[in-house]
Amino acid sequence: MDKSRKKIDVVKDLFAKHSHLFACPICNANMYMTEPAIFQCYNRHNFDLARQGYVNLLTGRVKAGKYDRQLFAARLALNQSGFFSPLLAALYASVVAHSSQQGAHPLRLLDAGCGEGSHLAHLAAALDSNSLEVVAVGLDLAKDGIRLAAASYPGVLWCVADLARCPLRANQWDVILNIFSPANYAEFRRLLKPHGIVVKVIPGPHYLQELRSALFGDTAKATYKNDGSRQQFAQQFTLLGEERVNYQWEMLPSSLELLLQMTPLAWSAGEAALEAVRQRGLPQITVDARILVGTAEN
Ligand SMILES: [Zn+2]
């Protein structure tokens, strides 16, 4: 009991310290922390701090679909096995190369659609160990993801929130991350500081190709169709950088099982196909992604 009480006090202090970054999702007023642990706007809209260490800033019920606890637990475990480490290293290099933020102020880093938080926590820790002070906020619609993030990675401001109406003040963010996740570009533009950057990660054509062909054979689903994500991004932002990351990751059976539990690919595959993949195993899996870096400046 003492332990969880301590944790909520730590998180309460964190949100109190950075309350000026937030805006009420109902009326857009400024926010502050009040007793015992309520995040409140100046028009008295209240949001409780969960004892697990996050704030739920949703204003209504939103369906998170298949994004449940089991999926996020699998994603967390796969992340912690290092599956995305080379991608994260490239992402870190992109942020360092393109972020114009320097010295005097902490780097404000927002992950819009952070899921179970591993990517953001990893990046914030890497920046921090490079002596860059970071204020990191993770937003996701899925409460199960945020709850797991808060349990796994202290020090980040974790919020359940709707990306279409981010509970954040305008023009405050140096870096907005959007990793394998739907975007809301109008919101991103509103949130960015002048010279702030958006760093988006989209799947490349060979992303998880071994799993695709094992599950779907020669059908259309066996290849990843680029859905115009890159083009949409380039229409919204001035492209500062673009990098392709491609590597093969050696899959242990335990990692393969995690991947099957977390990927939307498995949802549309039949049980028989999934079972066949489990039986046969996949010795390696390709991670193919594109990192896009853009700014709202012309
Ligand atoms: Zn309000």
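## Contacts and overall form

Among contacts in the protein with a separation of 6 or more, 71% join residues 24 or more positions apart. The model from which these values are computed is a predicted one.

The protein contains eleven helices and eleven strands. Its radius of gyration is 19 Å, close to the 19 Å that the globule rule gives for 298 residues, so the protein is as compact as a globular protein of that length. The C-alpha trace spans about 60 × 50 × 35 Å along its principal axes. Of the 298 residues, 39% count as buried.

## The sheet

An open sheet is formed by eleven strands, and its pairing is mixed. The order of the strands is β1-β2-β3-β4-β7-β6-β5-β8-β9-β11-β10. The edges are held by β1 (31–34) and β10 (238–250); each has a single partner strand, so one side of each is left without a neighbour in the sheet. From one strand to the next, the twist averages 20°.

Strands of a sheet pair through backbone hydrogen bonds, in either a parallel or an antiparallel sense. One pair in this sheet consists of β3, residues 46–50, and β4, residues 54–56, which run antiparallel and are joined over two bridges. Within that pair, L49 stands opposite V55 in β4.

## A helix across the sheet

Helix α3, which covers residues 85–98, lies across four strands: β8 (173–179), β9 (192–203), β10 and β11 (284–295). Relative to β10, the helix runs at about 160°. Strand β10 is also one of the two strands at the edges of the sheet.

## The nonpolar core

In soluble globular proteins, nonpolar side chains tend to be buried together. In this model the largest nonpolar core has 88 residues. The residues with the most contacts inside that core are A124, A136, C159, V175, I176 and V199.

The surroundings of A136 can be described in further detail. Leaving aside residues up to four places away in sequence, A136 touches L109, L120, A124, V156 and L157. One of these partners, A124, is likewise listed among the residues with the most contacts inside the core.

## An exposed loop residue

Is N130 buried or exposed? With 10 other C-beta atoms within 10 Å, N130 falls under the limit of 12 or fewer that defines an exposed residue, and therefore counts as exposed. The residue is located in the loop between α4 (118–129) and β6 (134–140). N130 and K17 are 113 residues apart along the chain, and their C-alpha atoms are separated by 23 Å.

Key. Residues are numbered from 1 along each chain as its sequence is written. This is a predicted model: local features need pLDDT of at least 70, side-chain atom pairs count only at pLDDT 80 or more; totals for chains, interfaces and linings use all residues. A nonpolar core is a set of buried Ala, Val, Leu, Ile, Met, Phe, Trp, Tyr and Cys residues joined through C-beta atoms within 7 Å. A residue is buried if 20 or more other C-beta atoms lie within 10 Å of its own, exposed if 12 or fewer, and partly exposed in between; C-beta atoms are placed from the backbone. Two residues are in contact if their C-beta atoms, placed from the backbone, lie within 7 Å. Two strands pair if DSSP finds at least two bridges between them. Axes are lines fitted to C-alpha atoms, for helices over the stretch in contact, and angles run from 0 to 180 degrees between N-to-C directions. The radius of gyration is taken over C-alpha atoms; the globule rule is 2.2 Å times the number of residues to the power 0.38.
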